[in-house]
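This report describes how a group of helices is arranged in one protein chain. Please consult the sequence and the model shown here while reading.

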Amino acid sequence: AGFNATGDPKLAAAFDLLTDATNQYAQNALNLKIESPCDDNYSDDELTFLPYFTMLTTSTNTAWTAPVFASLHRTFRAIESLRSDLWGSMYLALTGYANATVVDDVVWNLRTWPLELIEWPMQNTQRKDIRLDPEADRFGRVADDNVRVLPAHERDQLRWNGNPHDLNGGSGTSEGDPGAWLLPYWLSRYYNIVGPPPSGGA
């Protein structure tokens, strides 16, 4: 992507080095969420999908895009239950699939994202509709997360490098920016995953 934008040969050389027979960047992508799936960090999803999108929208070299596409499909199956508008819109844009379930998840997350981006305190563990996950998380904590993802305005997670399964959090002393909503919204609009509002607005 950097070479396509600048024409700088150093960037092309760096790409060739990373994807050569020794470093095998594309082949290494196939190991995502395989070698240590229990050590899942949500920042890893961000560091995965942003390069997926960049690489697969700027290269036509099937020798390395084919394994990256295979990695994309398998990785998305692993995180689909997060119902992320950002990862879902990227997956739909890259694959061209008309997957109604993923589209519904994208729309659901966009619609429930809070308009006010203050990280208000959230306490959900006392709710009767919560089913705690019996599996230990990456820190060894058991029954600390909800099995299903709550609507965005009911959880303390204003970034997609955060854990949407967290039940409690927030302090009311900080405020996020709307980037985590704007990126998937306009990505979805650009790739016709969602249409404009019925009023004809933005």
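In this predicted model, the buried residues of helix H7 pack against three helices: H5 (62-79), H6 (85-95) and H8 (179-190). The buried residues are Val102, Asp105, Val106, Trp108, Asn109, Leu110 and Thr112. H7 covers residues 100-112, and at 1.5 Å a residue its 13 residues should span 18 Å; the end C-alpha atoms are 18 Å apart, so the two values agree. At the N-terminal end of H7, Asn99 acts as a cap, with a side-chain oxygen 3.0 Å from the backbone nitrogen of Thr101.

Two of the partners of H7, namely H6 and H8, also meet each other. Two packed helices are described by the angle between their axes and the distance between the axes. The axes of H6 and H8 come within 9 Å and cross at roughly 25 degrees. Angles under 35 degrees count as roughly parallel, and H6 and H8 are therefore roughly parallel to each other. The crossing of H6 past H8 is left-handed. The residues that meet are listed below by helix.

| Helix | Residues that meet the other helix |
|---|---|
| H6 | Asp85, Leu86, Ser89, Met90 |
| H8 | Ala180, Leu183, Pro184, Leu187, Ser188 |

Helix H8 also contains Trp181. Trp181 is partly exposed, its relative accessible area being 25%. Apart from neighbours within four places in sequence, Trp181 is in contact with Leu110 and Trp113; Leu110 is one of the buried residues of H7. The C-alpha atoms of Trp181 and Arg159 are separated by 8.9 Å, and the two residues are 22 residues apart along the chain.

Methods:
Residues numbered from 1 in each chain as written. Predicted model: local features only at pLDDT ≥ 70, side-chain atom pairs only at ≥ 80, totals over all residues. Heavy atoms only, no water. Helix = DSSP H or I, 4+ residues; strand = E, 2+ residues; numbered from the N terminus. Expected span 1.5 Å × (residues − 1). Buried < 20%, exposed > 50% of the residue type's maximum accessible area, 1.4 Å probe, protein only. Contact = heavy atoms within 4.5 Å. Polar contact = N/O pair within 3.5 Å; in protein donor to acceptor, adjacent residues only side chain to side chain. Axes fitted to C-alpha atoms, helices over the stretch in contact; angles between N-to-C directions. Parallel < 35°, antiparallel > 145°, perpendicular 65-115°, else oblique. Left-handed = near helix turned anticlockwise from the far one by under 90°.
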